[in-house]
Amino acid sequence: MSLGIKLLWRARIFPVRVGRLSPIPRELYSPLFSQRPSSQRWLSTSMKEMETSPTETEADEGAITDQPTQGKSRSPQFRDLYKRIMKVRSDRLPKEPVLVKRAIRHSNKRKSYRSLRKHNRSAAVQRFNEIILDVTKGPDRHEINWRSTIDFMLRYTQNVEEIVQFWIVIGNSVADEAREILKQPDTCLISICRRNETRCVQIEKNVLRRDELIFNISGSEASVQKSIQDIIAVLGKITAFRIPAPGWETLLLDAWKAAKRPDVQFLNHGEASADDKTMTVQTSLSTSTNSRHYLLTRRADEILRPVMWTKISFERYVAGLVYGRVPNYLARSLYPEFPDHQATVASILVDLFTSEETKSAISLSAMKMAVGFLESKGRGFQHEAWKIFDHVKLLGIPLDAEIYNIFLTSASRAKDLDAFNRVLRSMVWKGFHPQSTAWVAFLKMVESPEVKRHVVLQLRAKGLDRNPVILRKVGGEMARIDLEYALLSNIDMHTFLDMQDKKYGDRWLDLFTLNGLLELLGEYDRLDACHVVLDRVYETKRPMPDASTLNTMLTHTNFAPQLTVLASMMTRWPELVPDEVTYNILFRAAWKRRYPNMLRVVWRYAALSHNTNSRMRFTLTSLLYLYTKKKTSKRQSIAKEWESVIFGLRELSAMRRTYGHKISTRHFITHYLEQAGERKPKVDLVTKIAEAVKMDMEIHRILSKDPDVVIDKRMYTVDIPLSELPKPKPTTEPIFYIGIGGLRTLEKPLSSPVNKE
């Protein structure tokens, strides 16, 4: 028998790197899930070449120094290197297995392989981090592990006492000035409370005293003390500070002394003041910046710059850069070649913070926005983030713990334990104690359930869970582990949700946690439990599901339940907007079942909403060129026969006459958009898909009786009507302003440019 003819024998290398042939034919080679080697190499070179070729470890380390990416900046070079390392498999286990995702065996082979891929990718990330450390610090470096990290955090984390709440009342003579001061970037009320991990709620109008400035502040005793201290320090015309009642002298007197304002008089409860320039603390929620992302339809370097650089105008411009989101369908036309949008924004931010022109306008809050944006994009822009951070330090701008928390969160997202420790030690060396945000970041970094539980125990021992916001974050992170235990223990889903509410409060189920729970339940084929969770979300009206929630449900259901889930979720939450992943899932389902009208509806709705993805376009483009091939599958043959229904008979004829053999799906998308203009489909997606499926089932019924029957395709084509032209609206772009609650946005016409004060 000749090699590779009848049984298709394949030359294969054993995992022990012995150069010999595998005695198992390719068709019969199917080892168990747990017995598959983690490294596979095909015998495609001679033995002499293999003997002289480097090992995988040497290739990994050499990829950093010997194969740099030419002609690119540091960030793309780093990302290109990261991709090359990730493709290399290694038998060597990571030094910190607690940071690696577990591989779970499911009853479904496809889901088991999916879990294995996540495990391999997570292990490759750790291997990548270790290679970077070997090159930058050498193999003799001091080893860092998760135990030493927890010990360090325990040593420097302050114990949190009982949560206290106060009402702060600013006298009407200085209330207007206090409002202006608390609007400034670095003295913003929300910034003061956020860096001290307190909660602030400001009340603009009070029925009894309209001219006074009133806000609520709550948190631990130490955090409230620091917040009051900062507020006294920034309010220049306060002449007196009054405590609420006997029993609070120790806490509030220390805050008054630490503010270093000897001109401010300390008043006990009931003691009168000579004027109304008094800050009164009375005994008795969390706000966040209202910055929101907006649609950016121009290049980042075309955003109008301020005429004069002030702290407010500088922060507005930075906000316009970091919160702008370029839609996918415009990305290629706006940035036809490198650098792309993210690299362009990163370059502009570095120039802004290192320029002499903007030196006096740089603020700490603007730096937090810039660094947060760069760190959220992964390793590729860490160099730019640290460059901005180092330059701001040279300017002498006082830093706070929040900026270090941004770097800790980024290291946690990258699963980089060494970077996490370096930032943590730098934070302590600068005099900032690890806050609950650092503990939550470490909790998210580890993957081992046992270690996660240990971290939560230490967090509770420090009293950090007394902060309701932190408790909700801990509950969201531990939800998957608790759910796995509940599934193994056969705990009812209603009981599980009630237990979580009792343990972590009624707001632990945020959007990210919801999608994670649905993903886990889908992997275990517990769709009934998924519907229980969605019912609870609908009853409590939080959180609002998004397209990822819908996609998760569609991924783990078959075709008939998919349509039911789609109709149910779109009816319950009309604000839910499908994305390109949603359309791709529906498109693949219709393609698999050979439903031409459903393909027509999904393709047209996706094109009109700019939500076609590359896989969908490639499939239909291949369908257009199918006539040049000799052999086709049955599914392709049916789709080719009904292509006039999928693309539209008139549109298909017009595109073939215009473009001939160069026709592609992009030509159809452009034609659809030009034909529709500002109009949208008149009928919603769910209704039109149901109509299309009914029509396709009728087509299949006719073909099943007589496969050779000739069907008039015009009679069996679902119509897609468009709505009437909407009334013209003025083009708007978000205008940023700094309010007492943080950075906000206003919708103003373009006639009022964003660079005007």
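Arg572 lies over the face of Tyr538, at 4.9 Å from the ring centre. In this predicted model, a second arginine, Arg425, takes up a place over the face of Phe152, at 4.3 Å from the ring centre. The chain has 757 residues, of which buried residues make up 48%. Its secondary structure comes to 32 helices and 10 strands. The accessible surface comes to about 39,500 Å², and 53% of that surface belongs to carbon and sulfur atoms.

**Aromatic pairs**

- The structure holds 17 aromatic pairs.
- The rings of Phe587 and Trp591 have centres 6.4 Å apart and planes at 15°; the pair is therefore stacked, since planes under 30 degrees apart count as such.
- Phe587 and Trp591 both belong to helix H25 (residues 580-593), where they are 4 residues apart, about one turn of the helix.
- Phe587 and Trp591 are both buried.
- The rings of Trp603 and Tyr672 have centres 6.3 Å apart and planes at 70°; this pair is edge-to-face because the angle is over 60 degrees.
- The pair of Trp603 and Tyr672 links distant parts of the chain, with the two positions 69 residues apart in sequence numbering: Trp603 is in helix H26 (residues 596-608) and Tyr672 in helix H31 (residues 665-676).
- Trp603 is buried, as is Tyr672.
- A cluster linked by ring pairs is made up of Trp386, Phe389, Tyr404, Phe407 and Phe432.

**Helix H14**

- Helix H14 (residues 382-394) has 13 residues, which at 1.5 Å a residue should span 18 Å; the end C-alpha atoms are 18 Å apart, in agreement with that expectation.
- The buried residues of H14 include Glu384, Ala385, Ile388, Phe389 and Val392.
- Seen down the axis of H14, the buried residues fall within an arc of 135°, so they line one face of the helix.
- Phe389 is thus named twice here: as a buried residue of H14 and as a member of the ring cluster.
- Just after H14, Gly396 takes a positive phi of about 80°.

**The surroundings of Gln342**

- Gln342 is placed in helix H12 (residues 341-354).
- With a relative accessible area of 31%, Gln342 is partly exposed, because this value lies between the limits of 20% for buried and 50% for exposed.
- Leaving aside neighbours within four places in sequence, Gln342 is in contact with Lys377 and Phe381.
- Gln342 and Val322 are 20 residues apart in sequence, and their C-alpha atoms are 9.1 Å apart in space.

**The surroundings of His556**

- His556 is found in the loop between helix H23 (547-555) and helix H24 (559-572).
- The relative accessible area of His556 is 10%; the residue counts as buried because this is under 20%.
- Not counting residues up to four places away in sequence, His556 touches Lys111, Arg114, Glu519, Gly522, Glu523 and Leu527.

Key: Residues numbered from 1 in each chain as written. Predicted model: local features only at pLDDT ≥ 70, side-chain atom pairs only at ≥ 80, totals over all residues. Heavy atoms only, no water. Phe/Tyr/Trp six-rings, centres within 6.5 Å; stacked < 30°, edge-to-face > 60°. Buried < 20%, exposed > 50% of the residue type's maximum accessible area, 1.4 Å probe, protein only. Lys NZ or Arg CZ within 6 Å of the ring centre and 35° of its normal. Areas by Shrake-Rupley, 256 points an atom, 1.4 Å probe, with all protein chains shown as cover. Contact = heavy atoms within 4.5 Å. Expected span 1.5 Å × (residues − 1). Arc of directions from axis to C-beta.
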